[in-house]
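Visitor: I should be grateful for a close look at a single part of this structure, with its surroundings described in a connected way.

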Amino acid sequence: MTIVLVTIRALDGNSLQGDRSVLKAYIKITLLMTCICILLIQTNDDNVNAFGETNPDEYNYQNNEIIVSFNKDVETKEAENITDGTIDHVIDSDQDDTVGSIESGTPVLINTDDMDIEKLANKLTEEKIIDYAQPNYCYVTEESYEDESVILDEDALTRAQWNMNYMDVYEAWNLIDALDIGGSNKIGIATIDTGVAQTHEDMQINLDKEKCFQTVSGEVKAYTPVYGHGTKTTSLIAADSNNGIGIDGIASGNNNDLASVFGINVFENKGRKRQYSASTSDIIAVLVN
């Protein structure tokens, strides 16, 4: 599973006039939307649960963890009494975990001894003070530990990228160049996946390394990826073009002046069979940072 966030920055109004500006914006948006469609990865039909595992006894959420949001400000002790658990952390970088209270609408990760997480979530949802309660669901890629390869860089592989010609990507790049809408109008794209290998030689122009971070285990910090899935998906979006190695990213453009990407890691080894997983709480932490 890969989540792709796209931020469309305002185009330079001084250089745009009339309907021409609408056409320019349309071209860039269409190119990026095409890119997103390609990266939406569905779970195989053969998979029984969210982890791609056939063992029905495996949970598809974190044991003893539940995410709760209250519809009014509550004291920490009151929140723990209502949920019959202990607060792990508030999933919001703007709120101090030590203040002793929880703001309305703020998701909170609760640790509980209740083994029936789904039953507990349903019970808490009936509380008038609670907006919603849900298990801390986890998600995995369709790859295993053994398949940790990243995009190849020994030879130029663009001839193998049949999708580029199929979608007329290079023609779109040429049209964008003819309209002169690249350069300072780069679109920001974040991939929420396993992170990006920041030293990869085919990701040295379009990758914004300063914005790469991870939110595993409730912490926001830098990372060194140990799993190649995020590098693969991010490279499909914006691997450096026309550098003689690797592949061309769909949104890179002839001059690497269309997109700026950064990889956010939400996956870690949570003890699943041969797979890393990402929890709902860690994904939420990305959205609020």
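Guide: The account below concerns strand β10 and the elements around it, and then turns to the sheet reached through strand β11.

The model is a predicted one. The protein contains seven helices and twelve strands, and buried residues account for 46% of its 289 residues. Of the contacts between residues at least 6 apart in sequence, 77% link residues at least 24 apart. The exposed area is about 14,600 Å², of which carbon and sulfur atoms supply 48%.

Strand β10 spans residues 259-265. Seven of its seven residues are buried, and the strand is thus mostly covered. The cover extends to both faces: Ala259, Val261, Gly263 and Asn265 are buried on one side, and Ser260, Phe262 and Ile264 are buried on the other.

Two strands may be described as partners of β10. With β8, the pairing is parallel and runs over seven bridges; within it, Ile189 stands opposite Val261 of β10. With β9, the pairing is again parallel, through two bridges, and here Phe213 has Ile264 of β10 as its bridge partner.

The residues named in these pairings lead directly to the interior. The largest nonpolar core has 26 residues, and those with the most contacts inside it are Ile189, Met203, Leu207, Ile237, Val261, Ile264 and Val266. Strands β8 (187-193) and β10, together with helices α6 (229-238) and α7, each supply at least two residues of this core. A second core, separate from that one, has 15 residues, among them Val90, Ile102, Leu120 and Ile129. In soluble globular proteins, nonpolar side chains tend to be buried together.

Helix α6 merits attention as one of the contributors to the largest core. Nine of its ten residues are buried, so the helix is largely enclosed by the rest of the structure. The buried residues are His229, Gly230, Thr231, Lys232, Thr233, Thr234, Ser235, Ile237 and Ala238.

Between α6 and β10 lies a loop that holds Asn256. This residue is buried, its relative accessible area being 8%. Beyond its neighbours within four places in sequence, Asn256 is in contact with Lys186, Ile205, Asn206, Ala239, Asp240 and Ser241. Asp240 also appears among the contacts of Gln204, which, with neighbours within four places again set aside, are Gln198, Thr199, Lys209 and Asp240. Gln204 belongs to the loop between β8 and β9, and its C-alpha lies 7.0 Å from that of Asp240, although the two are 36 residues apart in sequence. With a relative accessibility of 35%, Gln204 counts as partly exposed, because that value falls between the limits of 20% for buried and 50% for exposed.

Strand β11 is the next strand to consider, and Glu268 lies in it. Apart from neighbours within four places in sequence, Glu268 is in contact with Val216, Ser217, Tyr276, Ser277 and Asp282. The C-alpha atoms of Glu268 and Val216 are separated by 6.8 Å in space, and the two residues by 52 places in sequence.

Strand β11 also belongs to an open sheet of six strands, ordered β4-β6-β2-β7-β12-β11 with antiparallel pairing. Because β4 (86-90) and β11 (267-268) each have a single partner strand, they stand at the edges, and one side of each is left without a neighbour in the sheet. Helix α7 (residues 280-287) packs on this sheet, where it touches β2 (61-70), β6 (107-111), β7, β11 and β12; its direction makes about 110° with that of β7.

Within the sheet, six bridges join β2 to β7 in the antiparallel sense, and Ile66 stands opposite Pro135 of β7. On to β12 (residues 277-279), strand β7 (residues 130-139) makes two antiparallel bridges. Tyr139 has Ala278 as its bridge partner in β12, while Cys138 is bridged to Ser279 of that strand.

Cys138 is buried, with a relative accessible area of 1%, and Cys212 is buried as well, at 8%. As for disulfides, the count is zero, where the sulfur atoms of a pair would have to lie within 2.5 Å.

To return to the part with which this account began, strand β10 is covered on both faces, pairs in parallel with β8 and with β9, and supplies residues to the largest nonpolar core.

Key:
Residues are numbered from 1 along each chain as its sequence is written. This is a predicted model: local features need pLDDT of at least 70, side-chain atom pairs count only at pLDDT 80 or more; totals for chains, interfaces and linings use all residues. Side-chain values use heavy atoms; hydrogens and water are left out. Two strands pair if DSSP finds at least two bridges between them. Helices (H or I, at least four residues) and strands (E, at least two) are DSSP runs, numbered from the N terminus. Contact means heavy atoms within 4.5 Å. Axes are lines fitted to C-alpha atoms, for helices over the stretch in contact, and angles run from 0 to 180 degrees between N-to-C directions. A nonpolar core is a set of buried Ala, Val, Leu, Ile, Met, Phe, Trp, Tyr and Cys residues joined through side-chain atoms within 4.5 Å. Buried means under 20% relative accessible area, exposed over 50%, partly exposed in between (1.4 Å probe, protein chains only). Accessible areas come from the Shrake-Rupley method with a 1.4 Å probe; for residues, only the protein chains shown count as cover.
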